[in-house]
Amino acid sequence: MRQLYHLPISPACRKVRLVLAEKGLDFELVEERDWERRDDFLMLNPAGEVPVLVEEGEPISGATPIAEYLEETAPDVKLLPEEPLARAEVRRLVDWFDRKFAAEVSDGLIFEKVTRRFLSAADGGGAPDMIVVRAALHNLRYHLDYICYLMEERNWLAGETLTLADLTAAAHLSCLDYVGDVPWAQYPGAKDWYVRIKSRPGFRGILADHVAGMPPPKLYANLDF
C-alpha cells in the first residue's frame, strides 16, 4: 500500500490526504516529525520536509508534485478542469493559499501554536510569540473576506465544481480550525463553503485527527457548527 509521511497539523500534508481521499485511493499514514531529521526519512526526501508519498517503493516529495502526480495517474476523479483558463484559475487559487495565505496566516499560527510545543528550548520551543499570532489572526480576516467574495458568484472557489483549489484552501483552514482560530460566524459565505467541504466523506480522516496533548475544540468535528 502507498504510504504518506505526514504531520497531522500541516496544510501541505492535509492537502495530499484530501486529494487521495477524493480520488478514493487507499493509503497508510506515517507520522513524521520532520524537524527531527531522521536519516531514514532524509533518504526519502533530502530536503527533510513532509509530505512524502511512497508509491511502489518510490518517494514523491512536496504537496504540489504529489497532487499533480495523482491527477495524472488517477484521472477518474478530476480535480483540475480541462479548459485551460479554468485550470489557470484553479492554479492561481492554489498558489494563493499555498504561498500568500501560508506566509500571512497559517505558517506563523501553526508554528507558534503547534510546532513550538514539540521543540526543545534550544530549537525554538516554548510559549507562542503573541505578536506573530495577533498579526496572523488579523490577516486571516482579509482572506476570509476574499473567500466570501468568491462565493458570491461561484458554487466552489474556482467555479462550479470542486477542485484542487477547494482542497488546498480547506487544508489550511482546517489546521487553523483545529487550534480554534477561525471566526466562522462573522463570515457566513466562507462558513457555508467550509460546511459543504467539511461534510464530504473524504474529510472524515481530517476530522479524526488528534494531536497528543492538544485536543481540538468541541466544534472541530461537528458538521453543524
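How many cavities of 30 Å³ or more does the count come to? The count comes to one, and this tour will reach that cavity at its last stop, after a look at the whole chain and at a few of its parts. Please keep in mind throughout that this is a predicted model.

**The whole chain**

Begin by showing the entire chain as a cartoon, in which you should be able to pick out eight helices and four strands. If you follow the elements from the N terminus on, they run β-α-β-α-β-β-α-α-α-α-α-α. Turning the view, you can see that the C-alpha trace spans about 50 × 45 × 30 Å along its principal axes. For a chain of 225 residues, a compact globule would have a radius of gyration near 17 Å, and because the chain has 17 Å, its value agrees with that expectation.

**The hairpin of E3 and E4**

Next, select residues 52-55, which form strand E3, together with residues 58-61, which form strand E4; these two strands pair in the antiparallel sense over four bridges. One of the pairs to look for is Val-52, whose bridge partner in E4 is Ser-61. Two residues lie between the strands of this hairpin, and here Glu-56 takes a positive phi near 55°.

**Helix H4**

Now select residues 84-113, which make up helix H4. At the N-terminal end of H4, show the side chain of Glu-83, which caps the helix with an oxygen that lies 3.0 Å from the backbone nitrogen of Leu-85. Then follow the helix along to Ala-102, where H4 bends by about 80°.

**The largest pocket**

Keep H4 in view and add helix H1, residues 11-22, since each of these helices supplies at least two residues of the lining of the largest pocket. Which element gives the largest share of that lining? It is H4, with six residues. The pocket has a volume of about 720 Å³ and is lined by 31 residues, and to find its centre you can select Leu-7, Ser-10, Pro-11, Asp-34 and Val-50, which lie nearest to it. If you colour the lining by class, you will find 17 nonpolar, eight polar and six charged residues.

**The largest cavity**

Finally, select Val-19, Lys-23, Ala-67, Glu-71, Leu-79, Leu-80 and Leu-164, which line the largest cavity. About 30 Å³ of space lies in this cavity, and its lining has five nonpolar residues, no polar ones and two charged ones.

Technical notes: Residues numbered from 1 in each chain as written. Predicted model: local features only at pLDDT ≥ 70, side-chain atom pairs only at ≥ 80, totals over all residues. Heavy atoms only, no water. 1 Å grid on protein atoms, 1.4 Å probe; cavity = no way out; pocket = protein on both sides within 12 Å on 5 of 7 lines; lining within 4 Å. Points joined across faces, edges and corners; volume = space filled by probe spheres on them. Nonpolar A, V, L, I, M, F, W, Y, C, P; charged D, E, K, R; others polar. Bend = angle between axes of the 7 residues up to and from the residue. Polar contact = N/O pair within 3.5 Å; in protein donor to acceptor, adjacent residues only side chain to side chain. Pairing = 2+ DSSP bridges. Rg over C-alpha atoms; globule rule 2.2 N^0.38 Å.
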